[in-house]
Amino acid sequence: MNLHDVNRGIHKHKKRKRVGRGPGSGHGKTSGRGHKGQGALAGWSASSIFEGGASPLIRRIPKRGFHNAWGKVVAAVNVGDLEAAYLNGEEVTIESLRAKHLAKGRYDELKILGDGELTKKLKDTAHRFSQSALSKLEKCGGQAIVIPGKKPVVKGVAKRAAKPVK
């Protein structure tokens with residue numbers, strides 16, 4: 001291998017392939033679609049799982065397990081983590097937990113768990129608390145404030161605007 005072979009074929013500003021522009025281009029006449037058949041016709045496109053008529057891999061492999069599309073994603077934070085991240089008398093909120101990188105990513109509810117020791121008096125705000133976390137918070141003189149989660153969507157009930165009664 002020579003040094004000039006290393007970057008051969010790599011172009012910063014590569015021109016797009018202009019199909020159907022004559023025999024000199026190398027992509028003229030049938031424009032890379034071949035002769036006859038379904039793929040040569042206008043308006044045809046294969047599905048993302050199409051494998052040339054073979055049974056697709058996604059259908060050959062057995063399905064296992066269960067994925068609940070409506071299940072709530074619950075983020076968990078231990079009281080030991082709160083002990084390390086917060087000072088005595090500080091307020092623990094969802095925003096402050098995000099700022100301190102304790103509750104990352106997307107979730108529907110936040111739960112405080114009781115793993116670890118707690119010696120600081122904290123005012124804790126979350127959707128759920130475990131029994132051990134509640135007892136540890138109360139033992140230190142802290143406060144646990146439960147905030148409501150997302151309201152479930154009720155199907156089959158039409159939204160009505162409030163109309164004044166005549």
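**Figure 1. Overview of the whole chain in this predicted model.** A contact here means heavy atoms within 4.5 Å. With that in hand, residues 24 or more positions apart account for 39% of the contacts in the protein that have a separation of 6 or more. The protein contains 4 helices and 6 strands. Starting at the N terminus, its elements follow the order α-β-α-β-α-β-β-β-α-β. The protein is more spread out than a compact globule, because its radius of gyration is 30 Å, well over the 15 Å that the globule rule gives for 166 residues. If you trace the C-alpha atoms along the principal axes, the protein spans about 85 × 70 × 45 Å. Of the 166 residues, 19% are buried. The accessible surface comes to about 13900 Å², and carbon and sulfur atoms hold 54% of that area.

**Figure 2. Close-up of the open sheet S1-S3-S5.** Here you can follow 3 strands with parallel pairing, in the order S1-S3-S5. Strand S1 (74–78) and strand S5 (128–129) are the edge strands, and each of them pairs on one side only. Have a look at the join between S1 and strand S3 (residues 109–113): the two run parallel and are held together by 5 bridges. One place to rest your eye is Ala76, whose bridge partner in S3 is Lys111.

**Figure 3. Close-up of the open sheet S2-S4-S6.** This view also takes in 3 strands, here in the order S2-S4-S6, and their pairing is parallel. Strand S2 (91–92) and strand S6 (143–146) stand at the edges; each has a single partner strand, so one side of each lacks a neighbour in the sheet. Strand S4 (residues 123–126) pairs with S6 over 4 bridges in the parallel sense. To find your way between these two strands, start at Asp124, which stands opposite Ala144 in S6.

**Figure 4. Close-up of the salt-bridge network of Lys72, Glu109 and Arg128.** Side chains of opposite charge can pair when their charged atoms come close. The structure holds 5 salt bridges. One of them joins Glu109 to Lys72, with 3.3 Å between the closest N and O atoms. This pair links distant parts of the chain, 37 residues apart: Glu109 sits in strand S3, and Lys72 in the loop between H1 and S1. How exposed is each partner? Glu109 counts as buried because its relative accessibility is 7%, which is under the 20% limit. Lys72, at 49% relative accessibility, counts as partly exposed; the value falls below the 50% that an exposed residue must exceed.

Which residue forms another salt bridge with Glu109? The partner is Arg128, and their closest N and O atoms are 2.6 Å apart. Again the pair connects distant parts of the chain, with Arg128 in strand S5 and Glu109 in strand S3, 19 residues apart. Arg128 has a relative accessible area of 35%, so it is partly exposed. Through shared partners, the salt bridges join Lys72, Glu109 and Arg128 into one network.

**Figure 5. Close-up of the salt bridge between Asp108 and Lys150.** The two side chains meet at 3.2 Å, N to O. Asp108 lies in the loop between helix H3 (94–99) and S3, while Lys150 lies in the segment after S6, so the pair ties together parts of the chain that are 42 residues apart in sequence. Are the two partners buried or exposed? Asp108 is partly exposed, since its relative accessible area is 24%. Lys150 is exposed, with a relative accessible area of 58%.

**Figure 6. Close-up of a nonpolar surface patch.** Three residues make up this patch: Met1, Leu3 and Val6, which together have about 430 Å² of accessible area. Met1 belongs to the segment before helix H1 (57–60). With a relative accessibility of 86%, Met1 counts as exposed, because the limit for that label is over 50%.

Definitions and conventions: Residues numbered from 1 in each chain as written. Predicted model: local features only at pLDDT ≥ 70, side-chain atom pairs only at ≥ 80, totals over all residues. Heavy atoms only, no water. Pairing = 2+ DSSP bridges. Patch = residues over 30% accessible without salt bridge, like charges linked within 9 Å, V, L, I, M, F, W, Y side chains within 5 Å. Areas by Shrake-Rupley, 256 points an atom, 1.4 Å probe, with all protein chains shown as cover. Salt bridge = Lys/Arg side-chain N within 4 Å of Asp/Glu carboxyl O. Buried < 20%, exposed > 50% of the residue type's maximum accessible area, 1.4 Å probe, protein only. Rg over C-alpha atoms; globule rule 2.2 N^0.38 Å.
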